[in-house]
Amino acid sequence: MTLPHPLTGQPFASPVPPGTGWPGDPAAPRTPRAHRPEDVARLAASARTLEQLDARVGVCRACPRLVAWREQVAATRRAAFADQPYWGRPVTGWGDPHPRVLVVGLAPAAHGGNRTGRIFTGDRSGDWLYAALHRAGFANQPTSVHAGDGLALTGLRITAPVHCAPPDNAPSTEEKATCAPWLDQELRLVERDVESMLALGGIAWTQALAAARRVGWAVPRPLPRFGHGAEAVLVNGADRPVRLVGSYHVSQQNTFTGRLTEQMLDEVVGRL
């Protein structure tokens, strides 16, 4: 069964096969696919551009539990989106190919990025994040509804240490380790440009520091502790300082309860 894309009207299966015309899909039918952790390590390390890296991320099948979950969600769909196709594949990083700022989240939402095909898109977390990025001049519009909606980022790229939607929003330690080479290579590819990183939540903070150490960046000892507004200075492989800034995650449990306010988010984004 195919369903029409909510913006273009083009019919797609759920999950979406690579190279079939979904807006922003970086992969092609013959893009090499990782089926095991060692495949991830090999394909990530050999990616020479962000475009090539994103294409390979977008067809990864190395974590059986995550593959089964993301595709189950895509096949069953939430009632509110029953008339839409779901992306149902790994959600890649996206944004400016020469970013001054790299934003690190955790993993796609089952009915957000896993549905729309773009990170932090189609859910309340994205509403908060992109509105703040728009207010700071990084985004050309304050909303992120679906891939293909005209949103563009300037000077900023968004990524995650886990690229598939996990059950209960909780990837396992093994799944995080399997996905780690993608983030490692992403850091290598952007280190000529990136000046600061924003970690959304404690897990993103920990994963960003771990990735930086794995690729040879200088990381302070003892490891800097996460907190909203926390800062640490790393030194990348080009011997340039990179500021790591922490923020509470833009999850509903933080924004609905007032633990994270627009003013708090604007303050940390304004420091990037």
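Start your tour by selecting Arg36, which has a relative accessibility of 46% and so counts as partly exposed. Keep in mind as you go that this is a predicted model.

**Stop 1: charged pairs**

Side chains of opposite charge can pair when their charged atoms come close. The model has 14 salt bridges, and we will visit a few of them.

With Arg36 still selected, add Glu38. These two form a salt bridge, and their closest N and O atoms are 3.5 Å apart. Is Glu38 buried, exposed or partly exposed? Glu38 is partly exposed, because its relative accessibility is 45%, and a residue has to be over 50% to count as exposed.

Now select Asp39 and Arg42. Their side chains also meet in a salt bridge, at 3.5 Å from N to O. Show the cartoon and you will find both residues in helix α1, residues 37–45. They are about one helical turn from each other, because 3 residues separate them along that helix. An α-helix has 3.6 residues a turn, so residues three or four places apart point the same way. Asp39 is buried, at a relative accessible area of 7%.

Next, select Glu186 and Arg157. Which distance separates the closest N and O atoms of this salt bridge? They are 2.6 Å apart. Glu186 belongs to helix α6 (residues 173–190) and Arg157 to strand β5 (residues 156–159), so this pair ties together parts that are 29 residues apart in sequence. Glu186 and Arg157 are both buried.

Before moving on, select Arg36, Glu38, Asp39 and Arg42 together: salt bridges with shared partners join these four into one network.

**Stop 2: helix α5**

Select residues 124–135, which make up helix α5. Try a distance label between the C-alpha atoms at its two ends: they are 17 Å apart. Why does that agree with expectation? The helix has 12 residues, and at 1.5 Å a residue it should span 16 Å, so the two values agree.

Which residues of α5 are buried? They are Ser125, Gly126, Leu129, Tyr130, Ala131, Ala132 and Leu133. Show these as sticks and look at what surrounds them. They pack against several elements, including β3 (94–95), β5 and β6 (196–200). Two helices, α8 (252–255) and α9 (262–269), are also among the packing partners.

Just after α5, click on Gly137, where phi is positive at about 90°.

**Stop 3: Thr255 in helix α8**

Helix α8 is where you will find Thr255. This residue is buried, with 9% relative accessible area. Which residues does Thr255 contact, leaving aside its neighbours within four places in sequence? They are Trp128, Val250 and Leu260.

**Stop 4: strand β8 and its partners**

Select residues 241–247 for strand β8, which is mostly covered, since 5 of its 7 residues are buried. Now add β6. This strand runs parallel to β8, and 5 bridges join the two. To see one pairing, select Ser196 and its bridge partner in β8, Arg243.

Then add strand β7, residues 231–235. Do β7 and β8 run parallel or antiparallel? They run antiparallel, and 5 bridges join them. Leu234 stands opposite Val242 in β8. Follow the chain from β7 to β8 and you trace a hairpin with 5 residues between the strands. In its turn, Asp239 has a positive phi of about 65°.

**Stop 5: backbone details in the loops**

Select Ser14 and Pro15, which are joined by a cis peptide bond with omega at about -5°. Pro15 sits in the loop between β2 (11–12) and α1. Another cis peptide bond links Arg221 and Pro222, again with omega at about -5°. You will find Pro222 in the loop between α7 (202–214) and β7.

To finish, zoom in on the loop between β5 and α6, where Asp168 is found. Phi of Asp168 is positive, near 60°, in a residue other than glycine. Asn169 lies in the loop between β5 and α6 as well, and this residue has a positive phi of about 55° although it is not a glycine. Are these residues buried or exposed? Asp168 is exposed, with a relative accessible area of 74%, and Asn169 is exposed too, at 54%.

Definitions and conventions
Residues numbered from 1 in each chain as written. Predicted model: local features only at pLDDT ≥ 70, side-chain atom pairs only at ≥ 80, totals over all residues. Heavy atoms only, no water. Buried < 20%, exposed > 50% of the residue type's maximum accessible area, 1.4 Å probe, protein only. Helix = DSSP H or I, 4+ residues; strand = E, 2+ residues; numbered from the N terminus. Expected span 1.5 Å × (residues − 1). Contact = heavy atoms within 4.5 Å. Pairing = 2+ DSSP bridges.
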